[in-house]
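Colleague: I should like to go through this structure with you and hear the reasoning behind each label. Please set the value against the criterion wherever a term is used.

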Amino acid sequence: MDYNFSDIEKKWQKYWSENQIFKVDIDKTKKKFYVLDMFPYPSGAGLHVGHPLGYIASDIYSRFKRLQNFNVLHPMGYDAFGLPAEQYAIQTGQHPAITTEINIKRYREQLDKIGFSYDWSREFKTCDSDYYKWTQWVFILMFKHYFNKNTQKAESIKNLIKDFENNGNLKINAATSDKTEKFSAISWNKKTEKEKQKILLNYRIAYIDNTTVNWCQKLGTVLANDEVKDGLSVRGGFPVIQKQMKQWLLRISAYSERLLKGLEKIEWTNSLKEIQKNWIGKSEGAEVFFKIKNFDEKILIFTTRVDTLFGATFMVLSPENEIVKKITKKENKARIDNYIEETKKRTERERIADAKKISGEFTGSYAINPFTKKEIPIWISDYVLSSYGTGAIMSVPAHDSRDYAFAKHFNIPIIEVISGGDISKESYDAKEGILINSGFLNGLNVKDAISLINEKIEKNGIGKRKINFRLRDAIFSRQRYWGEPFPVYFKDKLPYVFDEKELPLKLPKIDKFLPTEDGSPPLGRAKNWKTKENYQMELSTMPGFAGSSAYYLRYMDAKNNKELVSKEANEYWQDVDLYIGGTEHATGHLVYSRFWNKFLYDLGLVCKDEPFKKLVNQGMIQGRSNFVYRIKNENKFVSYNLRKNYETSKIHVDVNFVENDILDIKKFKNWQKEFKNSEFILENGNYICGWAIEKMSKSMFNVVNPDDIIEKYGADTLRLYEMFLGPLEQSKPWNTNGIEGVHKFLRKTWRLFHNEKNEFFLKKQKANLKELKILHKTINKIKTDIENFSFNTSVSAFMICVNELHNLKCNKFEILEKLIILLSPFAPHISEELWNLLGNNCSISYAKFPKFEEKYLKEDKIIYPVSFNGKMRFKMEIDANFDKKQMEKIILENEKSKKWLNNKKPKKIIIVPKRIINIVI
């Protein structure tokens with residue numbers, strides 16, 4: 001019987017599906033283990049070989065934990081709302097739901113071919129109304145709650161209203177918008193319903209307000225920062241500008257401290273934790289008011305370096321700061337307006353990243369330094385952000401590198417106030433040294449100066465100590481159709497939420513997927529998009545991250561139509577034990593879902609404060625692109641090593657026409673019309689292509705379809721090879737040159753179970769010590785590697801094991817039964833087939849992971865290198881149980897030792913057990 005991988009894989013995939021082998025329920029007799037992949041957005045292109053990398057890793061771990069008798073939850077679904085499907089709908093008129101369904105069908109077929117052990121009974125897509133009903137439900141809860149800073153948790157808005165009725169908000173310590181007014185109980189009770197609702201919006205966790213957004217006119221929607229690059233939309237390459245718009249927001253900033261502290265409880269990489277810490281951006285400092293010459297207004301700044309206040313020689317405002325237009329002098333207005341317009345074309349992320357670019361404009365007005373009383377010029381520059389701090393900074397060029405570069409560029413005075421550096425060359429940014437040129441602070445060290453000046457600031461009533469966070473409230477609305485509808489209607493232009501019993505609020509039918517003629521979002525095209533009382537419903541939809549913020553909870557209880565997740569299911573599954581996905585989600589999904597979970601935890605709806613216990617980031621499988629070289633102004637292509645003799649242009653070529661960098665000229669000619677009559681200058685009869693490592697992308701024609709690899713080599717080969725390419729967390733190029741070796745390994749494994757006639761044949765003889773040693777060495781290695789996610793070295797260990805067993809001609813049941821269980825997480829199809837041939841009627845998934853027995857690895861003999869005066873002369877096998885005296889005796893009696901001693905008595909014999917022997921003469 002030959003290894004017919006195609007038939008074997010189809011057979012076992014069918015068996016797993018029909019028998020629901022991986023379907024899991026609550027089983028309190030077993031420990032739970034929840035393994036989750038970051039679920040995919042189903043694009044029209046389907047999967048390429050880079051996509052399954054993390055899925056294969058999580059599947060190996062899931063199968064491993066099942067073998068250890070854990071009750072493993074390993075689900076899969078689809079993040080189905082998104083801009084690509086909507087753009088396709090705009091171009092073709094096809095409803096995004098149809099496009100999404102087609103794409104999901106394609107994804108599912110591809111995933112099934114790879115042999116994943118998903119519990120498909122829990123499958124859902126975020127565009128299912130049965131699913132997004134719960135997203136809408138959580139939004140309503142957020143609207144009905146505020147964040148109490150005293151208790152550091154979300155509490156009902158009803159409690160807040162009671163406090164207002166009894167005491168006003170004078171003693172309320174809650175997360176709120178900066179513009180919130182102070183009022184007494186009497187004042188509150190006199191307010192109208194509309195006035196009260198306006199105030200409550202400043203406290204709600206889900207609220208609506210004016211905010212700066214990335215607006216793409218061509219797409220007709222707001223974009224997230226990661227959907228914009230170099231001032232253009234990633235999707236379509238359309239211009240994006242910064243614009244003030246009324247948007248829904250989530251008060252995630254209220255959870256900043258808890259999000260920081262939560263990082264201490266979870267097993268994430270230090271690098272990923274650092275990314276989140278920087279994104280949350282905790283800063284301890286003070287807010288200080290600066291007066292403006294000839295104006296009543298003041299500028300409020302936040303600084304972490306109050307000790308340098310005497311060195312503030314200018315101020316910089318963000319271009320969006322509302323005060324800019326008020327204080328700009330007439331003669332400076334044109335330049336200021338132009339600068340503001342240019343800034344709108346750049347996202348905040350781009351402005352932060354572009355540290356080397358120095359630009360700005362002078363408003364013509366001056367502020368008064370509150371300590372030196374000197375007039376200092378007020379500038380605007382895009383390196384100051386309206387979303388961080390107060391949108392204004394005091395600039396101390398002597399002690400801040402960016403301020404230093406700005407001052408040098410615009411010839412602004414630089415005053416040293418902390419000794420220790422050479423400000424003629426660069427700024428001195430260190431938080432250590434002695435204060436100079438600083439009045440009453442002179443002679444103090446930095447720490448003492450900070451303490452003293454903070455006291456002065458508060459005593460003089462010009463500011464106060466404050467902790468600030470960089471994390472901004474999350475913009476939670478998009479002006480597009482294909483997203484979750486908001487369960488919101490407007491009464492007197494103020495938002496109210498639907499009753500929870502009215503959920504789900506489903507997407508309506510519309511004639512086109514474009515914004516309306518008056519610029520309203522596409523839902524403005526819906527007929528009767530109003531309540532029964534004729535109130536207008538929200539026209540925006542929720543953003544992409546809405547559906548992925550609690551999907552891990554829904555998997556715990558996916559068919560429950562009464563709750564997001566039942567108490568029983570949540571208390572059993574609790575949290576995700578292992579989460580695998582890319583680092584690109586570090587500041588998006590991974591922050592939002594942690595916030596979402598903490599909010600639900602506050603309400604007692606989930607039992608764990610953190611959703612993801614352990615997180616592993618897989619690297620990227622990069623594409624290996626190929627190029628052909630076209631001679632300028634000709635339809636002739638020159639081979640790679642001859643190209644320097646011609647003036648050429650480099651063109652990407654489909655990698656599926658190339659093998660070992662040799663172009664299949666026939667396929668290339670049939671690829672595109674313009675190449676049909678092309679001529680080729682060859683070397684040694686072949687056209688050699690150039691190559692480069694790039695992102696795997698359709699535009700670079702370097703996409704490799706896993707279906708093609710599976711058809712040629714099988715899914716087990718694909719799974720093993722993706723792991724064999726290198727460490728899971730590292731990026732590595734796809735290269736099929738080594739895949740044959742992995743496929744041959746599986747064939748060799750198959751032959752271990754078959755005789756010369758290719759008949760299945762195993763001996764029931766007892767294994768010898770050599771065979772047991774090979775097996776238990778492999779058991780120990782595989783277990784350790786899987787637990788450390790070192791899957792690449794596991795594949796190597798399997799190859800070594802199979803080679804060694806082949807050399808021993810081992811075909812004993814006692815050895816091979818355990819070997820195939822070890823292999824099953826990596827190559828499940830061949831393992832199931834061989835397990836079945838061994839006489840087992842159940843899936844190998846129900847087997848037990850082999851127990852490692854260290855006794856089989858103990859050496860009877862040890863081979864020692866024997867050196868004389870540090871030079872190794874020969875090797876010698878010595879009984880492992882000998883003590884030092886016995887070893888010295890046998891060494892000195894050895895004929896080879898006698899030769900090198902040459903009748904001399906050794907001065908010393910150095911023995912390092914199990915390592916070396918050195919004889920000093």
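Colleague: Which residues does Asn626 touch, not counting residues up to four places away in sequence?

Modeller: The model is a predicted one. In it, Asn626 touches Ile651, His652, Val653, Val655, Val658, Asp661, Cys689, Gly690 and Trp691. Asn626 itself belongs to strand β23, residues 621-631.

Colleague: What makes Asn626 count as buried or exposed?

Modeller: Its relative accessible area is 4%, and buried means under 20%. Asn626 is therefore buried.

Colleague: How far apart are the C-alpha atoms of Asn626 and Val658?

Modeller: They are separated by 7.7 Å, with the two positions 32 residues apart along the chain as the separation. Val658 is also one of the residues that Asn626 touches.

Colleague: Why is Asn617 given the class it has, buried or exposed?

Modeller: Asn617 has 8% relative accessibility; since the limit for buried is under 20%, Asn617 counts as buried. This residue is in strand β22, residues 615-617. Leaving aside neighbours within four places in sequence, Asn617 is in contact with Thr269, Leu272, Gly581, Gly582, Thr583, Leu728 and Glu729.

Colleague: What separates the C-alpha atoms of Asn617 and Tyr629?

Modeller: The distance is 37 Å, for two residues 12 apart along the chain.

Colleague: Let us turn to the helices. How do you know that the length of α22 agrees with its number of residues?

Modeller: Helix α22 covers residues 739-752, which is 14 residues. The expected span is 1.5 Å times one less than the number of residues, so α22 should span 20 Å. Its end C-alpha atoms are 21 Å apart, which agrees.

Colleague: Which residues of α22 are buried, and what do they pack against?

Modeller: The buried residues are Ile739, Val742, His743, Phe745, Leu746, Thr749, Trp750 and Leu752. They pack against α1 (5-18), α20 (706-713), α21 (715-724), α24 (791-807), α25 (813-823) and α26 (828-837).

Colleague: Why is α22 called oblique to α24?

Modeller: The two axes come within 10 Å and cross at roughly 40 degrees. An angle under 35 degrees would count as roughly parallel, and 65 to 115 as roughly perpendicular; α22 is therefore oblique to α24. The crossing is left-handed.

Colleague: Which residues form that contact between α22 and α24?

Modeller: From α22 come Gly741, Val742, Phe745, Lys748, Thr749, Arg751 and Leu752, which meet Phe798, Met799, Val802, Asn803, Leu805 and His806 of α24. By class, this contact has seven nonpolar, four polar and two charged residues.

Colleague: What makes α25 mostly covered?

Modeller: Nine of the 11 residues of α25 are buried. Those residues are Phe813, Ile815, Leu816, Glu817, Leu819, Ile820, Ile821, Leu822 and Leu823. Their cover includes α2 (52-67), α22, α23 (769-787), α24 and α26.

Colleague: How do α4 and α20 pack?

Modeller: Helix α4, residues 96-114, packs with α20 at an angle of about 35 degrees, the axes being 10 Å apart. Here too α4 passes α20 in a left-handed crossing. Arg106, Gln110, Lys113 and Ile114 of α4 meet Pro706, Asp707 and Ile710 of α20. The classes in this contact are three nonpolar, one polar and three charged residues.

Colleague: Some backbone values remain. Why are a positive phi and a cis bond worth noting?

Modeller: Most residues other than glycine have a negative phi, and most peptide bonds are trans. Gln152 has a positive phi of about 55 degrees although it is not a glycine, and phi of Lys809 is near 55 degrees. A cis peptide bond joins Leu503 and Pro504, with omega about 0 degrees. Pro504 is in the loop between β19 (494-497) and β20 (536-537).

Colleague: What classes of accessibility do Gln152 and Lys809 receive?

Modeller: The limits are under 20% for buried and over 50% for exposed. Gln152, at 31% relative accessibility, is therefore partly exposed, whereas Lys809, at 72%, is exposed. Gln152 lies in the loop between β3 (145-148) and β4 (153-156), and Lys809 in the loop between α24 and α25.

Key:
Residues numbered from 1 in each chain as written. Predicted model: local features only at pLDDT ≥ 70, side-chain atom pairs only at ≥ 80, totals over all residues. Heavy atoms only, no water. Helix = DSSP H or I, 4+ residues; strand = E, 2+ residues; numbered from the N terminus. Buried < 20%, exposed > 50% of the residue type's maximum accessible area, 1.4 Å probe, protein only. Contact = heavy atoms within 4.5 Å. Axes fitted to C-alpha atoms, helices over the stretch in contact; angles between N-to-C directions. Parallel < 35°, antiparallel > 145°, perpendicular 65-115°, else oblique. Left-handed = near helix turned anticlockwise from the far one by under 90°. Nonpolar A, V, L, I, M, F, W, Y, C, P; charged D, E, K, R; others polar.
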